[in-house]
Structures are given as structure tokens and as C-alpha cells.
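I am opening a notebook on a structure that is new to me. My plan is to look up one thing at a time and to write down what I find in plain sentences.

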Amino acid sequence: MTAVENLLVNYNFSFDRDSTFHSITRIILQNMHHVSRMSINELAEFCFTSPSTISRIVKNLGYKNYSTFQSSLTRCLGEYRFHNVIVSSPSYFGLEDQINHLFSSELDLISQVKQGLDIDLVRDLATCLKGSNHVAIFPYVAILMELSLQSDLMYSGICCDVILDQTGQLSYAKKLPNNTSSIIIAPDGPAGVSHFAALLDAAARNGNKTCVITSSTSARELRKADYLFSFEGKQSICDQFATQAIVGAITLAYRELIF
């Protein structure tokens, strides 16, 4: 997860819109380029707060200190156009061509996922989930189908947690109880595969079952998963359509078992 994605997720999921945390993350998001050059004292003055409050907020975001946060933000801004690519398209494309390319890319990707999806493996995973005491879902950024699956699991009496905070996912995975099944959504992204590989190893402790949904470029390093679903990704935000489609298929298979 990039620094900007981390800020957006925490901003969107901070429930108290009038809180200091929400207000300051909003100021940072609206002034990212300036913040990347500000000292902690300058940012505190800009936000009408204290340096200690800024320090506490960046630690809540998962960073060791303000310097680490600022370095991550600066690096992200330098590569922003790469990180926030909706879909790769030639630079000479006009808006209409870009939109047409976006829709055709999505259709091609979903068609490819559908053709390559192993229905028997989906059913086996659904059966595995039904026999679990606990299910942990580790999403990347997008979260839609994950909530549908979480709702159905809870409805059928199985505790299911969706761990949105990527900075805390690894520590959470290391504490999973026995008979927990984990689903890790790991699209190709700027964070690379190392985070997902560590997450997989932690989640698989004590014989717990794991499922990974990823692009083919990362599949080799994550092949230790008990259930592996991969697709030929576009290395862009479009890949989220593929991960959501696969989670949707798993949800449908689980509903077949409980209804």
C-alpha cells in the first residue's frame, strides 16, 4: 500500500469526521506536495496543532516516525502516475480512446478470469471455509465482495474478520487461532510481493489453511497457498476487478452450501 493509499484508507475509515485525526489527514491529503517538504514543526503550525500530535498521527498510520512517513510520501508522489494507473494506455490516446480502452481491458480481464477459474477449487475452498472456526480476509485496498463474504460467514455462525489496515496485517496474522482459514488478496502493486509472502507464512502457521488471489507475476512466490487463484493482470487498478470477481465466485459457492 502506498503512502497515499494508506492515508485515504485511514481517512475514509475514521468514523468521527470532526476528530483531530480526520481533520489532519484531510489537510495532508489536500496539501501532499507541500507536506512532503515540511518539517514536523511546520506541518504542526500549518494544521494549528502540536508536533507531538503530528507524531502520534503518523504512528497511528503505521510509520515509525515523521521522517519515515515523509520519505514514504515523497517517494509515492514521485511515482504517483505509475501507482495510480487506472489502466495502461498509449500516451497519444484522447479521453474517448482511454475510456474505450478501459472498458475493453476490464471485459478482457474478467473474461480471462472466468475462463481460467477452477470451479472445483472454488467449491473446495467454500467447504474449507464452512469447516473453519474463524476466517480472516486480508484485502488490498478495494473492498466490496469481501464484505458480502464476511456477511455470509457471520450469518452462518463463523467469525470473520476483514483486516483493512495493511500495516497491522502481519502482526494480526501471527496471532491467528487454530482452524482459521485466511484469504489474502495480493494484486501486483508497488509494495511488491514480499509483504504478501510474509503474510502467507504467518497465516499458514499451525496447519491453518490459506487462499491467495493474485496476478500470475506474483503467483510463483505465493504458490505455497492451499488455494491459489491467479490471473494475467494489467498491473493497474483494473486488476481489482479480477480480484473482486474471484471473491464473488467464492461467495456464491459458499452461499450454495449454507442456503
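Entry 1, a pair of residues. I began with a single bridge and found that I183 has C211 in β4 as its bridge partner. I keep in mind throughout that this is a predicted model.

Entry 2, the strand around that bridge. I looked up strand β4, residues 209-215, and noted that six of its seven residues are buried, which leaves the strand mostly covered. On one side I found strand β3, residues 180-186, which pairs with β4 in the parallel sense over six bridges. I then turned to strand β5, residues 227-231, and found five bridges with β4, again in the parallel sense. Within this pairing, V212 stands opposite L228 of β5.

Entry 3, the whole sheet. In what order do the strands of the open sheet lie? I read the order as β2-β1-β3-β4-β5, five strands with parallel pairing. The edges are formed by β2 and β5, each of which pairs on one side only. Ignoring direction, I noted an average turn of 10° between neighbouring strands of this sheet. As a reminder to myself, I add that strands of a sheet pair through backbone hydrogen bonds, either parallel or antiparallel.

Entry 4, strand β1. Is β1 enclosed by the rest of the structure or open? I found that five of the five residues of β1, residues 134-138, are buried, and so the strand is largely enclosed by the rest of the structure. I also looked at the directions of its residues: H134, A136 and F138 point one way, V135 and I137 point the other way, and all are buried. With strand β2, residues 159-162, β1 pairs in the parallel sense over four bridges, and there the bridge partner of H134 is C159. With β3, β1 runs parallel and is joined by five bridges, among them one in which V135 has S181 as its partner. V135 also stands opposite C160 in β2.

Entry 5, helices on the sheet. I followed helix α9, residues 119-130, and found that it packs on the sheet, where it touches β1, β3, β4 and β5, with its direction at about 140° to that of β5. Helix α11, residues 166-173, packs on the sheet as well, touching β1 and β2, and its direction makes about 150° with that of β1.

Entry 6, a residue in the last part of the chain I examined. T243 lies in helix α14, residues 239-258. Is T243 buried or exposed? I noted that T243 is buried, with a relative accessible area of 0%. Apart from its neighbours within four places in sequence, T243 is in contact with I185, I213 and F231. I also looked up the C-alpha atoms of T243 and A186, which are separated by 8.4 Å although these residues are 57 residues apart along the chain.

Entry 7, two helices that cross. The axes of helix α1, residues 3-12, and helix α6, residues 66-78, come within 8 Å and cross at roughly 110°. I therefore record α1 and α6 as roughly perpendicular to each other. The contact involves A3, V4 and L7 from α1, and F69, S72, L73, C76 and L77 from α6. Sorted by class, the residues in this contact of α1 with α6 are seven nonpolar, one polar and no charged.

Entry 8, cysteines. How many disulfides are there? By a cut-off of 2.5 Å between cysteine sulfur atoms, I arrived at zero disulfides. C128 is in no disulfide, and its nearest cysteine sulfur, that of C211, is 9.1 Å away. Why is C160 not bonded to C159? The sulfur of C160 is 7.3 Å from that of C159, its closest cysteine sulfur, which is too far for a bond. Both cysteines I started from are covered: C128 is buried with a relative accessible area of 16%, and C160 counts as buried at 0% relative accessibility.

Entry 9, the protein as a whole. I closed with the totals, and found 14 helices and five strands in the protein. Of its 259 residues, 46% are buried. Among contacts between residues at least 6 apart in sequence, 69% join residues at least 24 apart.

Notes: Residues numbered from 1 in each chain as written. Predicted model: local features only at pLDDT ≥ 70, side-chain atom pairs only at ≥ 80, totals over all residues. Heavy atoms only, no water. Buried < 20%, exposed > 50% of the residue type's maximum accessible area, 1.4 Å probe, protein only. Axes fitted to C-alpha atoms, helices over the stretch in contact; angles between N-to-C directions. Parallel < 35°, antiparallel > 145°, perpendicular 65-115°, else oblique. Contact = heavy atoms within 4.5 Å. Nonpolar A, V, L, I, M, F, W, Y, C, P; charged D, E, K, R; others polar. Pairing = 2+ DSSP bridges.
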